[in-house]
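Colleague: Before I rely on this model, could you take me through the reasoning behind some of its labels?

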Amino acid sequence: MTLPTTGGFDKTPGWLDWHPSPSTPRFRLPEGAVDAHCHVFGPGAEFPYAPERKYTPCDAGKAQLFALRDRLGFSRNVIVQATCHGDDNRAMLDACRASGGRARGVATVRRGITDAQLHELHEAGVRGVRFNFVKRLVDSTPRDELMEIAQRVKALGWHVVLYFEAPDLPELWDFFAALPTTVVVDHMGRPDVTRPVDGPEFALFLRFLREHPFVWSKVTCPERLSMAGPPALNGETAPYRDVIPFARRVVEEFPDRVLWGTDWPHPNLKDHMPDDGLLVDVIPRIAPTADLRQRLLVDNPMRLYWPETAAR
Ligand SMILES: O=C(O)c1cc(C(=O)O)oc(=O)c1
């Protein structure tokens with residue numbers, strides 16, 4: 001068991017480190033399953049955190065990520081650029097390159113990036129860019145710049161990953177709807193799960209998916225969205241009961257446009273750090289049939305990130 005380092009950086013006060021000894025999941029993942037949302041942090045001594053970051057994490061490097069992948073039973077990872085690295089994609093690219101083709105990436109880029117640099121990212125395994133609208137994580141989201149980037153990456157066959165919170169969807173709707181390529185929403189657009197799953201807020205998110213067939217959703221982060229728990233700790237077999245109906249609704253209505261991921265190493269959790277093995281055991285509760293699980297964990301992420309080898 002290795003404990004996380006920080007590479008000389010001071011962690012944000014109250015920072016929760018990744019779980020040191022996740023349990024082996026009881027649920028057996030289908031062959032070829034993809035963890036389609038995870039991050040690497042540093043290590044800070046090799047890949048320093050960005051000056052403009054809003055938090056300083058513990059290190060969570062590629063070796064730990066690949067060890068977790070193997071322990072949980074995943075075949076592949078999609079590594080999403082974390083905001084603590086700004087638009088310095090080196091840690092994520094290094095992990096993709098070291099994965100032997102088993103990791104693809106989602107980058108953060110700015111307008112000044114050249115075509116040659118974009119091609120370099122593609123060579124390393126990047127297949128998307130992330131636009132972040134969560135105010136506690138980024139300072140600005142210039143829409144003309146984002147639209148320009150979206151147009152450029154469309155030409156490479158990439159998609160756009162969006163991170164926003166449910167109350168902001170009405171205001172962002174038209175901009176999102178105008179994006180020219182496939183769109184993947186992080187963490188179901190962060191619904192308030194104390195509200196009814198049939199209520200107006202989540203209905204708007206479902207309508208957004210229904211009216212825009214190019215929009216996908218990650219059914220991720222019950223540990224982040226849950227208000228009532230119980231947490232995925234100490235062998236709990238039915239954690240995060242309040243989030244399950246939301247994720248299940250999305251999986252059942254849009255089975256070909258959903259992705260699942262661990263969100264390891266779970267940045268900015270305040271309350272508890274989940275046991276990632278127990279988090280994997282949530283999957284059959286949100287995707288109750290083998291067919292839904294095959295699409296969620298294998299077919300959909302393969303189509304988006306490894307289209308050259310996807311079966312269907
Ligand atoms: O909610 C968060 O704090 C969070 C942060 C990041 C990031 O810093 O990139 O990514 C996530 O998926 C979630």
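Modeller: Gladly, and a place to begin is Pro43, which lies in the loop that runs between β1 (34-38) and α1 (62-72); please keep in mind throughout that the model is predicted.

Colleague: What makes the peptide bond that joins Gly42 and Pro43 a cis bond?

Modeller: The omega angle of the bond joining Gly42 and Pro43 is about 5°, and the bond is accordingly listed as cis. A second cis peptide bond runs from Trp264 to Pro265, with omega near -5°, and Pro265 is placed in the loop between β8 (258-259) and α9 (276-280).

Colleague: Why is Cys221 picked out for its phi?

Modeller: Cys221 is not a glycine, yet its phi is positive, at about 70°. Most residues other than glycine have a negative phi, and most peptide bonds are trans, which is why such cases are pointed out. Cys221 is found in the loop between β7 (215-218) and α7 (222-225).

Colleague: How do you know which side chains make polar contacts with an oxygen atom of the ligand?

Modeller: A pair of N or O atoms must lie within 3.5 Å. For the side chain of Tyr55 the distance to a ligand oxygen is 2.5 Å, for that of Asn268 it is 2.8 Å, and for that of His37 it is 3.0 Å, so each of these pairs meets the cut-off of 3.5 Å and counts as a polar contact. Taken alone, the ligand exposes 330 Å², of which the protein buries 100%.

Colleague: What kind of space does the ligand take, and which residues come nearest?

Modeller: The ligand takes the space of the largest cavity. Of the 16 residues around the ligand, those that come nearest are Tyr55, Thr83, Arg130, Tyr163 and Asn268, and the shell divides into 5 nonpolar, 6 polar and 5 charged residues.

Colleague: Which domain does the record list, and what does the chain look like over those residues?

Modeller: UniProt, in an unreviewed entry, lists residues 34-305 as "domain: Amidohydrolase-related". Over residues 34-305 the chain is 38% helix and 13% strand, with the end C-alpha atoms 10 Å apart.

Notes:
Residues numbered from 1 in each chain as written. Predicted model: local features only at pLDDT ≥ 70, side-chain atom pairs only at ≥ 80, totals over all residues. Heavy atoms only, no water. Near = heavy atom within 4 Å. Polar contact = N/O pair within 3.5 Å; in protein donor to acceptor, adjacent residues only side chain to side chain. Areas by Shrake-Rupley, 256 points an atom, 1.4 Å probe, with all protein chains shown as cover. 1 Å grid on protein atoms, 1.4 Å probe; cavity = no way out; pocket = protein on both sides within 12 Å on 5 of 7 lines; lining within 4 Å. Sits in = over half its atoms within 2 Å of the grid points. Nonpolar A, V, L, I, M, F, W, Y, C, P; charged D, E, K, R; others polar. UniProt positions renumbered as here; feature names shortened; annotations may be inferred. Helix = DSSP H or I, 4+ residues; strand = E, 2+ residues; numbered from the N terminus.
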